[in-house]
Structures are given as C-alpha cells and as structure tokens.
Amino acid sequence: AKERYQKMHAEGKTDEARADLERLKLVREQRAEAAAQKQAEKAERDEIDKEKKAQMERMDRQQALKAARGGKGAKKGGKS
C-alpha cells in the first residue's frame with residue numbers, strides 16, 4: 001500500500017500532491033511578479049541615472065564656457 005501511495009503521489013494523484021503542486025504554482029507566480037517588479041525598478045533607476053548624467057554634462061559644459069570667457073559675463077545692473 002505504501003508503494004502504491006508513493007507511486008500515486010509521484011504522479012500527482014493524491015490530495016497531498018495536488019496541494020504541493022498548487023503551492024509550487026503560487027510560489028512560481030510570486031517569484032515571477034517579484035522579478036518583473038525588480039526589473040521595472042532597475043529600468044527606472046537607470047533612467048534617473050541617465051538624466052542625472054545628462055544634467056551634469058550640461059553643467060560641465062556651462063562651466064567650461066564660463067571659464068573660457070574668463071568668468072566675465074554681463075551682469076544685470078552693473079556699471080559699464
């Protein structure tokens with residue numbers, strides 16, 4: 001009887017085996033959802049980093065232009 005039960009369990013025909021398979025299915029779904037969320041968060045972080053890098057490059061170009069002019073820009077309300 002024990003061998004017969006083990007064989008049926010391996011084939012997924014017992015209540016315990018069905019419960020195990022259902023539990024495994026839920027775990028797989030949760031892992032897939034977590035992986036998708038993690039990938040979305042990574043894509044968002046990458047986009048933010050890309051924007052920050054572009055902003056820093058713009059600031060560096062502005063500073064380089066200012067340095068090339070000798071730091072002398074027209075000032076509002078200044079004497080000529």
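These legends describe close-up views of a predicted model.

**View 1. The whole protein chain, built from helices.** The protein chain holds 2 helices and 0 strands. Buried residues make up 4% of its 80 residues. The accessible surface of the chain comes to about 8,000 Å². Carbon and sulfur atoms account for 52% of that surface. The structure also holds 4 salt bridges. Three of them appear in the views below, one at a time.

**View 2. Helix α1 and the glycine after it.** Helix α1 covers residues 2-11. How many of its 10 residues are buried? The count is 0, and the helix is hardly covered. Gly-12 follows α1. The phi of Gly-12 is positive, near 80°.

**View 3. A salt bridge between Glu-11 and Lys-13.** Look for the side chains of Glu-11 and Lys-13, which form a salt bridge. Their closest N and O atoms are 3.3 Å apart. That fits the salt-bridge cut-off, which asks for a distance within 4 Å. Glu-11 belongs to helix α1, which spans residues 2-11. Are the two partners buried, partly exposed or exposed? Glu-11 has a relative accessible area of 43%, so it counts as partly exposed. Lys-13 stands at 48% relative accessibility, so Lys-13 is partly exposed too.

**View 4. Asp-15 and Arg-18 in helix α2.** Helix α2 runs over residues 15-68. Asp-15 and Arg-18 both lie in this helix. They are 3 residues apart, about one turn of the helix. Their side chains form a salt bridge, with the closest N and O atoms 3.0 Å apart. Is Asp-15 buried or exposed? Its relative accessible area is 62%, and exposed means over 50%, so Asp-15 is exposed. Arg-18 has 45% relative accessibility, so Arg-18 counts as partly exposed.

**View 5. Asp-20 and Arg-23, also in helix α2.** What joins the side chains of Asp-20 and Arg-23? They meet in a salt bridge, 2.3 Å from N to O. Both residues lie in helix α2. The spacing is 3 residues, about one turn of the helix. Asp-20 has a relative accessible area of 25%. Buried means under 20%, so Asp-20 is not buried but partly exposed.

Methods:
Residues numbered from 1 in each chain as written. Predicted model: local features only at pLDDT ≥ 70, side-chain atom pairs only at ≥ 80, totals over all residues. Heavy atoms only, no water. Helix = DSSP H or I, 4+ residues; strand = E, 2+ residues; numbered from the N terminus. Buried < 20%, exposed > 50% of the residue type's maximum accessible area, 1.4 Å probe, protein only. Areas by Shrake-Rupley, 256 points an atom, 1.4 Å probe, with all protein chains shown as cover.
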